[in-house]
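Here's a walk through how this one is put together, from strands and helices up to domains and chains. Have the viewer open as you read.

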Amino acid sequence: MTTAQLDVKSEAQKLDAIPERIVRWAEDRYRNPVGKYKVWRGTSCIMCGKCVEICPRGVHVKPEGYRRFLRPRDDFCIGFKCKEIGRFCPDHCPQKALRVEISPIYESLGDYRWTADLILSTWRMAETGQVPDGDLEYKVGASGGGFDRIHFRFPEVVPDVDGGEISTAIELNRRKENDRPRVRIDIPVYGGGMSFGSVSPITMLARARACGAWNTFTCTGEGGYPERLIPFKDYVITQVATGLFGVREDTIQRARIVEFKYAQGAKPGLGGHLLGDKVTLAVAAMRETIPGNALFSPFPFHSVYSVEDHKKHVDWIKQVNPRAIISVKVSTPVDVDMVAVGSYYAGAHIIHLDGSYGGTGAAPDIAKKNIAMPIEYAIPRVHGFLRSEGIRDEVTLVASGGIRTAYDAAKAIALGADGVVIGTTELVALGCIRCNNCESGRGCARGIATTDEKLIQKMTLPWATQRLINLFNAWHTQLVEILRRFGMRSIAGLRGRTDLLTHQDYEDQRKA
Amino acid sequence: MPKKYHIPTRPAPPRFKRVGKYGIVDRREDCSACHNCVKRECIYDCYKDEDGRLREIDGYVDYLYECKSCLSCVQSCTKGLLSRKVNPEFAALGDDTWGPDIISTTWYQAETGKIPVSGAGYGGRFVGEGFDSMWTDMSEIVRPTRDGIHGREYISTAVDVGRKFNRLSFDRNGELSQFPPGLIEIPVPVVFDDVHHLNLPESVALTAASAAQRMGNLAIVSSEKLTEPFNRFAKAIIPLYEGSVRANEPWLKKVQMIEVYDGDDVVERIGEAKELNPSLVVGVRAKLDRRSAQRAVELTRRGVEVIHFYADAAGREREHGLSRHISRATREVHLALVEAKLRDEVTLIASGGIALPEHLAKEIVCGADLVGIDMPIAIALECRLCGSCLNGLSCPVELDRIDIGYATQRLMNLMGAWRSQLLEVLGAMGLREVRRLRGEVGRAMFFEDLERESFGPIFGKRKTEERMSAAT
């Protein structure tokens with residue numbers, strides 16, 4: 001591997017600084033990384049070293065001075081694809097001691113939306129910072145609809161654009177009346193709200209630091225603003241949600257963007273829910289509540305029953321912080337287009353649509369599966385409606401709720417969004433396997449979504465930060481590549497270009 | 001304000017080991033017995049009793065299936081000896097409609113009475129058959145919502161079974177010329193249907209009747225099955241008559257409602273029953289098929305007060321060849337009744353394929369007043385849908401020996417959880433009572449409509465289903 005290794009010790013000296021935007025190797029934190037393939041070495045091996053020579057990926061390792069091999073690094077293995085280049089180790093082993101098969105763990109990993117391939121490829125991106133080159137499907141899942149059936153129609157002849165001049169930056173404040181600062185982010189992606197309490201402090205800090213490195217934002221969620229985030233305040237959105245947990249004047253004044261959470265895609269129509277087990281002393285102090293008591297955010301804002309009430313809300317925040325821009329996060333009811341227009345007239349700068357298949361720390365299964373509209377339908381509706389109202393260029397439309405890959409992000413933009421908000425993908429990059437147990441007992445067994453003292457220690461901050469910086473790099477590379485293939489120089493040019501998309505289930509399958 | 005209706009739930013642990021989803025594969029041959037074995041680190045304590053359990057003759061692998069699948073031990077074992085697999089027994093549970101996930105969530109609810117809550121987003125397909133091709137809608141900003149189960153607001157889930165006149169009519173003397181027929185209010189829009197798909201022991205029907213009695217609800221039981229032990233629950237039972245109502249006459253006087261199968265002489269049979277017990281509510285049970293809409297209008301015109309359409313176990317019309325899903329067929333029936341200005345005169349019950357509380361909400365959105373459930377009753381009592389009873393084999397979960405009190409609690413737990421979830425959905429929609437949900441398609445989105453409206457202008461014409469299946 002040519003990339004530099006992450007040096008945890010030296011990084012630990014500068015935890016309060018914004019890290020540099022450098023890709024560094026951030027290896028899987030477990031002893032036995034999971035790969036798509038499993039490589040078995042039989043007892044008939046004579047330690048000849050032929051496999052070390054032949055393997056293009058460093059699966060077989062025999063360190064200097066060792067008589068025996070280490071256990072094969074089967075997470076590096078690209079499997080049967082290796083046959084194409086004639087370097088499939090079982091074919092070359094003189095003793096026929098090697099066997100390559102699909103890993104049984106791979107077969108039990110993932111679901112329709114987050115397939116095993118998507119989880120593993122996200123892990124690879126977080127590890128290497130590069131686009132995976134094996135046979136992992138890193139663009140779409142297997143849900144059978146929406147983004148998974150929509151594809152780009154790339155022209156056969158690639159226009160001559162240099163990758164270096166392509167910009168993926170977007171502007172978040174597009175209002176004509178220019179009373180507030182412009183806010184520009186370098187990638188059309190920022191992080192969704194994950195509250196203190198639902199995720200570990202390390203997860204929270206790592207997100208803020210990585211977003212700092214990439215000049216974009218993360219969001220505090222509704223659980224208050226931990227002080228350790230203050231050094232990164234220019235890259236942190238603070239959220240005002242129905243529970244108003246930890247919302248104070250100074251937290252609002254600190255933020256460049258304040259987000260109103262009206263609803264969350266994974267449980268629209270229902271408030272937030274933090275189970276009692278997760279309300280530790282620190283969480284309770286932050287939220288000004290009692291440890292051990294489950295916390296419900298009411299739904300909805302009981303002071304908002306109309307667009308006029310909503311405007312009052314927005315004005316309140318604008319008054320408290322005259323330099324903040326306002327984002328309004330709503331989920332996707334059938335009249336989502338009306339809601340979006342209403343939010344604009346109430347003075348919002350960013351309209352954040354959270355589709356029905358978003359993530360959550362805990363939600364009733366009935367809400368996650370059923371309520372509200374998938375984001376793929378909502379984006380073109382809102383984009384079209386804002387356009388017909390003549391206000392499309394005065395507001396930033398961001399989409400979330402099921403954006404898993406860079407390709408999902410690009411498709412969302414082509415459908416009409418300016419940018420996207422992600423959440424689950426970041427957690428997967430940190431090692432989430434989507435076991436769905438974030439909410440129970442001590443919380444996440446992998447130390448990502450927990451406040452348990454011991455479990456938190458399962459990952460270090462420099463490592464977690466690096467994983468996310470790497471992830472963003474891989475996404476950036478892919479977005480640049482998509483733009484390059486279309487001959488575009490800016491991501492803004494892709495917005496609303498539905499003519500560049502095709503849907504597998506529709507009659508019209510024209511090539512570009 | 002009336003007293004809040006509440007279904008008392010209480011933990012009712014399963015009698016038999018649950019079938020877990022994931023299992024750990026443990027290759028012990030190479031184990032070097034590290035003193036800091038990763039098994040001790042399991043945060044769910046899965047391995048705690050391993051030593052003792054390994055010596056059990058029966059089910060010594062069961063502990064491996066309690067795995068919550070965090071992969072921590074698999075990824076940390078010094079020698080990499082552990083692996084994970086989906087439990088083959090779990091994967092083989094049930095069938096296409098009643099799959100392992102539905103069975104295990106039903107078990108969970110019957111055991112705990114709680115709403116299934118989980119972390120991370122939804123992992124299922126984008127869209128599926130029947131109920132999976134519709135989304136319910138909620139309110140936001142522009143429409144107020146209601147506080148669901150955690151809130152202070154009272155949301156009613158009660159529905160009426162029976163006939164309601166559109167208007168009163170009077171004779172020449174100014175007296176009421178028609179007396180309103182009996183009307184039963186039940187607190188939850190779900191009745192227990194006769195489980196006819198399986199060959200279940202009497203205990204299951206008794207459980208349904210007993211749970212119905214305790215909940216103030218109703219249970220449909222085939223009239224031939226009504227033996228002495230059912231007498232205790234008479235008020236909660238709807239006897240279902242295949243032929244003449246005189247076949248089991250004593251019951252007509254004991255119950256509030258009966259059901260008779262549809263047929264040419266159905267109105268006469270209803271008359272016969274009402275002669276014997278004038279306050280009786282009589283429902284007509286009819287197959288759900290392509291003629292259902294027309295039949296519903298005919299029956300309502302002839303004064304039928306309750307119509308119960310039953311689909312097959314998969315929620316499909318009882319037709320050969322292409323059959324529609326109960327959601328779409330019910331919508332047609334509902335609209336036909338609305339069109340004929342008869343909708344409010346008749347109560348519509350729909351059953352078949354209702355497996356989850358979301359199906360309940362969606363079926364009511366499609367036009368039913370209430371639903372009947374069948375298989376979930378058996379599953380709540382730990383049935384694994386193995387089909388042994390249909391082949392005359394003994395039941396692996398010994399349903400014939402189940403204690404009725406315990407079984408009643410399991411079924412009430414399930415209904416308690418279902419009702420709480422219905423409240424969540426109603427709250428999110430901003431509805432105060434389930435009666436208003438009926439036919440309220442404004443609170444639902446259908447796959448075909450969303451595709452047409454959102455994607456039609458972009459991608460043009462969607463391939464027909466036949467073309468799609470031909471392509472794959």
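Helix H12 of chain A, residues 375-388, lies across strands S15 and S17 (396-400) of chain A, and it runs at about 170 degrees to S17(A). Keep in mind that this is a predicted model. A similar layout turns up with helix H10 of chain A (residues 336-345), which lies across S14 and S15 (350-354) of chain A. The angle between H10(A) and S15(A) is about 155 degrees.

Those strands belong to an open sheet of eight in chain A, with parallel pairing. Reading across, the order goes S8-S18-S17-S15-S14-S11-S10-S9. Which strands stand at the edges? They are S8 (189-191) and S9 (218-219) of chain A; each has a single partner strand, so one side of each is left without a neighbour in the sheet.

For a look at one pairing inside the sheet, take S11 (residues 257-261) and S14 (residues 325-331) of chain A: they run parallel and are joined by five bridges. Across that pair, A:Phe260 stands opposite A:Val328 of S14(A).

Now for helix against helix. Two packed helices are described by the angle between their axes and the distance between the axes. Here are two such pairs, one from each chain:

| Helix pair | Axes come within | Crossing angle |
|---|---|---|
| H5(A) (116-128) and H16(A) (461-486) | 6 Å | roughly 110 degrees |
| H8(B) (292-301) and H9(B) (326-339) | 8 Å | roughly 40 degrees |

With axes crossing at roughly 110 degrees, H5(A) is roughly perpendicular to H16(A). On the H5(A) side the contact uses A:Met125, A:Ala126, A:Glu127 and A:Thr128, and H16(A) answers with A:Arg467, A:Asn470, A:Leu471 and A:Ala474. By class, that contact splits into four nonpolar, two polar and two charged residues.

Over in chain B, the axes of H8(B) and H9(B) cross at roughly 40 degrees, which makes H8(B) oblique to H9(B). The crossing is right-handed. H8(B) brings B:Ser292, B:Ala293, B:Ala296, B:Val297 and B:Thr300 to the contact, while H9(B) brings B:Ala329, B:Glu332, B:Val333, B:Ala336 and B:Leu337. Seven of these residues are nonpolar, two are polar and one is charged.

Zooming out, the domain assignment of chain A gives domain 1 (4-107) and domain 2 (163-503). Their C-alpha centres lie 36 Å apart. The contact between them takes 14 residues from domain 1 of chain A and 18 residues from domain 2 of chain A. What classes make up the domain 1 side? It has eight nonpolar and six charged residues, with no polar ones.

Finally, the two chains. How many residues of chain B are in contact with chain A? There are 63 of them, and they meet 82 residues of chain A. Several elements of chain B each supply at least two residues to that side, including strand S1 (22-26), helix H10 (357-365) and helix H13 (447-459). The largest share comes from H12(B), with six residues. Sorted by class, the chain B side has 30 nonpolar, 21 polar and 12 charged residues.

The chains also share some strand pairing: S16 of chain A (residues 363-364) runs antiparallel to S3(B), and two bridges join them. In that pairing, A:Pro364 stands opposite B:Val117 of S3(B).

Key
Residues are numbered from 1 along each chain as its sequence is written. Chains are lettered from A and ligands numbered from 1 in the order in which they are written. This is a predicted model: local features need pLDDT of at least 70, side-chain atom pairs count only at pLDDT 80 or more; totals for chains, interfaces and linings use all residues. Two strands pair if DSSP finds at least two bridges between them. Helices (H or I, at least four residues) and strands (E, at least two) are DSSP runs, numbered from the N terminus. Two residues are in contact if their C-beta atoms, placed from the backbone, lie within 7 Å. Axes are lines fitted to C-alpha atoms, for helices over the stretch in contact, and angles run from 0 to 180 degrees between N-to-C directions. Ala, Val, Leu, Ile, Met, Phe, Trp, Tyr, Cys and Pro count as nonpolar, Asp, Glu, Lys and Arg as charged, and the others, Gly among them, as polar. Angles under 35 degrees count as roughly parallel, over 145 as roughly antiparallel, 65 to 115 as roughly perpendicular and the rest as oblique. A crossing is left-handed if the near helix is turned anticlockwise from the far one by less than a right angle, and right-handed if clockwise. Domain bounds come from an automatic or database domain assignment.
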